[in-house]
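Reader: Please present the chain, and then justify the terms that are applied to it.

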Amino acid sequence: CMKSLLSYLVLLCITVHMVLAKVPNKEIESLVALYNSTNGDSWQRSWDISADVSTWEGVTVRNNHVVEINLFNNNLQGVIPSSIGDLEKLESLNLAFNGITGELPKEIAQLTRLRVLKIEMNRIKGELPLELGRMRSLMELTAFNNFITGSIPESIGEIKNLKILNLSSNSIKGNIPKSVGGLAQLESLGLFENTLEGSIP
């Protein structure tokens, strides 16, 4: 009986701790901005933004911070807001297979803890941010089948942990940066169906 009571009290303490866990307002506001700018009411799996953040579909909270967003194939229609950069503890962002338009905001480079960035199969246009090299923790970057233009930033060679880089089926032009040759951890490189020129470094 005492053991059952002790187990109940431990469970109650954990539950109370979870209820009292507070995600910073800046992070909540960033999520709400993403919801609003991508027509959240029409998502296949929508959020109840009046409920606790930890209950939102595809959002993982750890130690009171948002660490993962997985909205794969969820009918997102619209742009990624610049406030995405406020999710400073974010480790994984999967927005692949949606209808996202507009440019990839340069503020995304503020996500220095991000390990996975998946934005493939959208309608993203414009150039990749020159600041991309600041994302030193990035291990996977997949952005194939978009409308990305411009050249591959030289700073990409600063992402020394990068294992997967796939920028195929875009409108990227120019040379492959020499810095790509310094990505010693790279296991997969996809650059087909672009208008790249020059020699392979």
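Reader: What makes the place of Ala-184 a loop between strands?

Author: Strands are DSSP runs of E with at least two residues, helices are runs of H or I with at least four, and both are numbered from the N terminus. Ala-184 lies between β11 (173–174) and β12 (188–190). The model is predicted: local features need pLDDT of at least 70, side-chain atom pairs count only at pLDDT 80 or more, and totals for chains, interfaces and linings use all residues. Residues are numbered from 1 along each chain as its sequence is written, and side-chain values use heavy atoms, with hydrogens and water left out.

Reader: Why is Ala-184 called exposed?

Author: Its relative accessible area is 70%. Exposed means over 50%, buried under 20%, and partly exposed in between (1.4 Å probe, protein chains only). Ala-184 is therefore exposed.

Reader: Why is Phe-72 called partly exposed?

Author: Phe-72, in the loop between β2 (65–70) and β3 (77–79), has a relative accessible area of 36%. This value falls between the two limits, so Phe-72 counts as partly exposed.

Reader: Which residues form a nonpolar patch on the surface with Phe-72?

Author: Phe-97 and Met-121 join Phe-72 in the patch, with about 240 Å² of accessible area together (Shrake-Rupley method, 1.4 Å probe; for residues, only the protein chains shown count as cover). Patch residues have over 30% relative accessible area and no salt bridge (a side-chain nitrogen of Lys or Arg within 4 Å of a carboxyl oxygen of Asp or Glu). Nonpolar side chains (Val, Leu, Ile, Met, Phe, Trp, Tyr) are joined within 5 Å, like charges within 9 Å.

Reader: How much of the chain counts as buried?

Author: Of its 201 residues, 43% do.
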